[in-house]
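Me: Please take a close look at one part of this protein, the span that carries a domain annotation, and then set it beside the cores and the pocket described for the rest of the chain.

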Amino acid sequence: MKNAAVIGAGTIGLSWTALFAHHGLTVRVTDPRPDLAEAITDALETFAPHLGTTAGELASRVHVAADVTEAVKDADVVQENGPENVEFKKDLFKQLVAEAPQHALLLSSSSAIPSTAFTGEIDASRVLIGHPFNPPHLIPLVEVVPGERTSEQSVETAVAFYTSLGRTPVVERKEIPGFVGNRLQNALSREAIYLVEQGVVTPEDLDKVITNSLGIRWATVGPFLGSHLGGGPGGYRHMAEHIGKSMKKMWAGLGNPSQSPEEQERLIEAVEKAYGSSTYSELAETRDRKQLAVLHAVEEN
């Protein structure tokens, strides 16, 4: 892979741009936003320290493309980061299949829509999902999800490509809306919202619960290995046969938040009260610094 096209320069697209450039790819970026050049410059200045390089070094490999046609003209890989809209993606991928080089891998950062839903009648053999977690230049996971007509060679190429970027690709062999990461995140978020709605805990304290318990454990071993270790010498079997029984009883009692307009407004105000004294940039900088510290610690052990 030498040339990459990034379609869509929002938060995800700009992060991919920095990562691709950092790994030596020539990147052409296109987006209808009027401030595209400025947005790229600002993003590279922000992300360069995370990657241990300079904004100038990254910028030397990044170019603004006037449109999709120009962006993909000699691309080896295309990473789409457009709206979560089936019709938009149908039109775009029809164009990508027609205009990108025949060997180019066509990837979508779609966070919920499987590729089979938007490939229609086009040749979908090289189209698949490459869904990152925000921001992809820091968070290693990429969910690689082939569609019904994606070739196995394209899956293997996608895995090799993301691995070459220092990412951790996970191939999901069955399409499901939201894929794996977002479904897990949404399940936990639903219960978190319910607990705040019920007045059990504040948003700030709920974040403390996660960052001082599950977040630490899952960042190192994940839920299944965590449970296997939680079962002691008897492992997951002991956990499932004993503690698992009481856990199962809890499933029926998990919350179903109303999220009525009134409840939603109360939740928004509570979150703003907890974190509104800091700017987005300040909060993001703290998040990224801590995430890098966690990643470095995991890599060293």
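Reply: In this predicted model, residues 178-247 are 77% helix and 0% strand, and the C-alpha atoms at the two ends of the span lie 25 Å apart. The span comes from a UniProt record, an unreviewed entry, which lists residues 178-247 as "domain: 3-hydroxyacyl-CoA dehydrogenase C-terminal".

Next, the nonpolar cores. The largest one has 33 residues, and those with the most contacts inside it include Phe20, Val29 and Phe161. Helices and strands both contribute: β1 (3-7), α1, β2 (26-30), α2, β5 (105-108), β7 (141-146) and α7 (152-164) each supply at least two residues of this core. The largest share, eight residues, comes from α2. Leaving aside residues up to four places away in sequence, Phe161 touches Met1, Phe20, Leu25, Val77 and Leu107. Another core, of 22 residues, lies apart from the largest one, and among its members are Ala71, Leu106, Phe118 and Ile129.

Last, the second largest pocket. About 450 Å³ of space lies in it. Its lining has 21 residues, of which Ala43, Thr46, Phe47, Tyr280 and Ala284 are the closest to the pocket centre. At least two lining residues come from each of α1 (11-22), α2 (36-51) and α15 (280-300). By class, the lining of this pocket holds eight charged, seven nonpolar and six polar residues. Helix α2 thus appears in two places: it supplies eight residues to the largest nonpolar core and at least two to the lining of the second largest pocket.

Terms used
Residues are numbered from 1 along each chain as its sequence is written. This is a predicted model: local features need pLDDT of at least 70, side-chain atom pairs count only at pLDDT 80 or more; totals for chains, interfaces and linings use all residues. Side-chain values use heavy atoms; hydrogens and water are left out. On a 1 Å grid over the protein atoms alone, a cavity is a set of points where a 1.4 Å probe fits but cannot get out, and a pocket is an open set with protein on both sides within 12 Å along at least five of seven lines; lining residues have an atom within 4 Å of a point. Grid points are joined across faces, edges and corners, and a volume is the space filled by probe spheres set on the points. Helices (H or I, at least four residues) and strands (E, at least two) are DSSP runs, numbered from the N terminus. Ala, Val, Leu, Ile, Met, Phe, Trp, Tyr, Cys and Pro count as nonpolar, Asp, Glu, Lys and Arg as charged, and the others, Gly among them, as polar. UniProt positions are given in the numbering used here, feature names are shortened, and annotations may be inferred rather than shown by experiment. A nonpolar core is a set of buried Ala, Val, Leu, Ile, Met, Phe, Trp, Tyr and Cys residues joined through side-chain atoms within 4.5 Å. Buried means under 20% relative accessible area, exposed over 50%, partly exposed in between (1.4 Å probe, protein chains only). Contact means heavy atoms within 4.5 Å.
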